[in-house]
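Visitor: I should like to take a close look at a single part of this structure. Please guide me through one place where two helices pack together.

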Amino acid sequence: MAQTIHNGLPFLDRQATLEKRDDGSMILRSPVALGDYPATIGAVLNAQADTNGDRIFLAGREGEGWQRLSYAEVRDRALGIAQHLLARGLGPDRPLMILSGNSTGHALATFGAILAGVPVVPVSPAYSLMSADHAKLRHIARLTRPGLIHVDAPAPFGPALAALANEGFDATIDSPALFAIPPGSIAPNVQTGPDSVAKILFTSGSTGLPKGVINTHRMLCANQAMLAATWPFLRQMPPVLVDWLPWNHTFGGNFCLNLALFNGGTFHIDDGKPAPPLIGRTAENLALASPNLYFNVPAGFAALLPHLEQNASLRDSFFRDLKAIFYAAAALPQDLWDRLEQVSALSGHPRPMMLSAWGSTETSPLATMVHFPIPRAGNIGLPVPGCELKFQPSGAKYELRVRGPNITPGYHDRPDLTEAAFDDEGFYCMGDAGKLADPDDPSAGVLFDGRVAEDFKLTTGTWVSVGALRVGVVGTCSPLVQDVVVTGHDTDSIGLLVWPAMAAIAAIDPDAGADPEALCASEKVIASIADRLATWNTANPASSTRIDRFVLMAEPPSLDANEITDKGHVNRRATLDRRAARVRALHRGAQGAAVPDNGGAK
């Protein structure tokens, strides 16, 4: 396997083969064979406990420091928990549901279930703690029929547990009770293999109730083998992570947590979050432990950057051992990329490599990976060994489709959704669009080209590429704008629903105070954002990119209405459906402000 050194670390060579077909489709592959990989997650935990038993695997905050658990301690505690779960009647058809966020208790419950052959159903804490009707939580319980429900502490989850009890699911266990279970020493006698279900992860999709993605042991083990083949440095540099990404999502729960497990690394559980006031806790955690790899989503980098820019001590701790910065789950605006490079230079430490990848819950999640230097955001890398990437013509774009051992067998108890998700060759249809970075050089990587279903035509017949437009506008308006939804379908111009960054716009008009309604109505704030949009329009004057009108949104996206995810992404389709009247008013000129060519608002 040919390797190239970047930033002092070995990476898989940049190479790919491209098959062009008569129907216009193309298939991009790695020429490197995947090779063997472990059969189950439990086998990996046992191997690490036997080989690296004294090494710290998990660290969770406890007081001023960390509560640390070695690989041997995690394995032994998980064995005891496995026996307990089996004694309570859990099994392949009676999973363990976890409502709490990331914690050592959550991790031990997960690994105990895996050793017992019990599927894990981690549920977004927001469905319990932020929802008024608990509709999504009740739906997930009815679909999966859990035999036991785990929470770190019962009190915060009281209303959610009551809602589940009303559905007939009232068997619970909390983290203190979990830690009280004696460690085990003998593996339970269960039949678990590559095709056994390890997890059911729920993704809400664009509309409707959440759907459960089956995650088998084969998927998760193959995906980590794909990652290690692409980043061979992991074998010589066990990862040290400080990570907040939620374990009910595939990025945090599969990619990051399993990355540490499979490579003998140490996972510090960051109990902060990229939102006020919890981003301060993330900064505190990063001051206590220095990562050598750092993973985040664009919203997380946007929240963390001011702390890195203003705090020299934090910069030193963050960049001291850091070899690579990795972003995924959404496109990274170029201004955030530039600020990360600038603050890295201020630290005095070597600049980390900027890396990315692409995939979904259905792909474990890794399908493509950046393993070579890229000069700017947008390149999602090349297919990892063992995973094929099809480019299927779809209008003016190519839809990306994926096939390999890392792909889900389908959706839990939804054969209709499963059948619709795959084409006649067995490729999973992602719904994302992509294109070759260099049509004459397949090894140059793939550029993300938005969601196929999001793009729309103006009444003039002009196509609007929503994904690229959103990223460009947010970057131009940074740091005043947190996110936007692009509007204009069946109209003759483009509009924006704009969620401003409240702390940033409060500095523009102190007289407006901290009230979101007052800030969003402030003429000074509206004029400042209009000036940024006018700058965008000057550089992007075409009708497919020029912003005609915008409106500032004081009401945050609604969780119950499926407008927002745990990681801070706005669901465009659900937002447009819920706020359709406001969108119509915007394009009639009854709401919002226009963006004239000379800046300002009118």
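Guide: The following account concerns one pair of helices and the contact between them. The model is a predicted one, in which local features need pLDDT of at least 70 and side-chain atom pairs count only at pLDDT 80 or more, while totals for chains, interfaces and linings use all residues. Residues are numbered from 1 along each chain as its sequence is written, and side-chain values use heavy atoms, leaving out hydrogens and water.

The pair consists of helix H15, residues 466-477, and helix H18, residues 523-539. Helices here are DSSP runs of H or I with at least four residues, numbered from the N terminus. The axes of H15 and H18 lie 9 Å apart, and the two helices pack at an angle of about 130°. An axis is a line fitted to C-alpha atoms over the stretch in contact, and angles run from 0 to 180 degrees between N-to-C directions. H15 and H18 are therefore oblique to each other; angles under 35 degrees count as roughly parallel, over 145 as roughly antiparallel, 65 to 115 as roughly perpendicular, and the rest as oblique. The crossing of H15 and H18 is right-handed, that is, the near helix is turned clockwise from the far one by less than a right angle.

On the H15 side, Leu469, Gly472, Val473, Thr476 and Cys477 take part in the contact, and in H18 they meet Arg532, Leu533 and Trp536. Contact means heavy atoms within 4.5 Å. By class, the residues of this contact between H15 and H18 comprise 5 nonpolar, 2 polar and 1 charged. Ala, Val, Leu, Ile, Met, Phe, Trp, Tyr, Cys and Pro count as nonpolar, Asp, Glu, Lys and Arg as charged, and the others, Gly among them, as polar.
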